[in-house]
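Student: I would like a close look at a single part of this model. Please pick out a charged stretch of the surface and set it in the context of the whole chain.

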Amino acid sequence: MYFVPDDTEKCGFYECKKCGNRFLSLQTMEKIPCPSCEAEIDYEIGPGESLEDLLDTAQLLQVVEGAEEVEKMDALLSLAITGGDYAWI
């Protein structure tokens with residue numbers, strides 16, 4: 001699969017509030033770092049800012065459970081990115 005390993009039973013569906021990227025992750029925490037934005041982080045923290053606010057930009061939208069549901073969500077998201085084969089729909 002594109003985002004998570006084959007036969008994954010549970011994963012998190014996230015959207016980054018900074019760049020708008022949507023992705024799947026094996027993590028299911030409320031907020032995690034966005035893989036796209038993580039490389040561009042400026043670690044200079046000003047007053048009133050916290051490192052967590054800079055790092056954890058992706059918000060959990062949904063917990064996807066069941067191998068079949070995870071596979072469908074992964075295929076749907078990868079289709080949007082790669083423009084691959086959509087015959088399975």
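**The negative patch and its surroundings**

Tutor: Start with the fold. In this predicted model, the protein chain runs β-β-β-α-β-α along the sequence. That comes to 2 helices and 4 strands.

Now the patch. D6, D7, E9 and E71 form a negative patch on the surface. Take D7 as the way in. D7 sits in the segment before strand 1, which spans 10-16. Is D7 buried or exposed? Its relative accessible area is 69%. The cut-off for exposed is over 50%, so D7 counts as exposed.

E71 belongs to the patch as well. For contrast, look at V70. V70 lies in helix 2, residues 67-82. Its relative accessibility is 0%. Buried means under 20%, so V70 counts as buried.

V70 also offers a distance back to the start of the chain. V70 and P5 are 65 residues apart along the chain. Their C-alpha atoms are separated by 9.9 Å.

Next, the contacts of the chain as a whole. Take those with a separation of 6 or more: residues 24 or more positions apart account for 50% of them.

Finally, burial and surface. The protein chain has 89 residues, and buried ones make up 27%. V70 is one of the buried residues. The chain exposes about 5900 Å². Carbon and sulfur atoms supply 50% of that area. On the surface, the negative patch includes D7, an exposed residue.

Technical notes: Residues numbered from 1 in each chain as written. Predicted model: local features only at pLDDT ≥ 70, side-chain atom pairs only at ≥ 80, totals over all residues. Heavy atoms only, no water. Patch = residues over 30% accessible without salt bridge, like charges linked within 9 Å, V, L, I, M, F, W, Y side chains within 5 Å. Areas by Shrake-Rupley, 256 points an atom, 1.4 Å probe, with all protein chains shown as cover. Salt bridge = Lys/Arg side-chain N within 4 Å of Asp/Glu carboxyl O. Lys, Arg positive; Asp, Glu negative; His and termini not counted. Charge placed at Lys NZ, Arg CZ, Asp CG, Glu CD. Buried < 20%, exposed > 50% of the residue type's maximum accessible area, 1.4 Å probe, protein only. Contact = heavy atoms within 4.5 Å.
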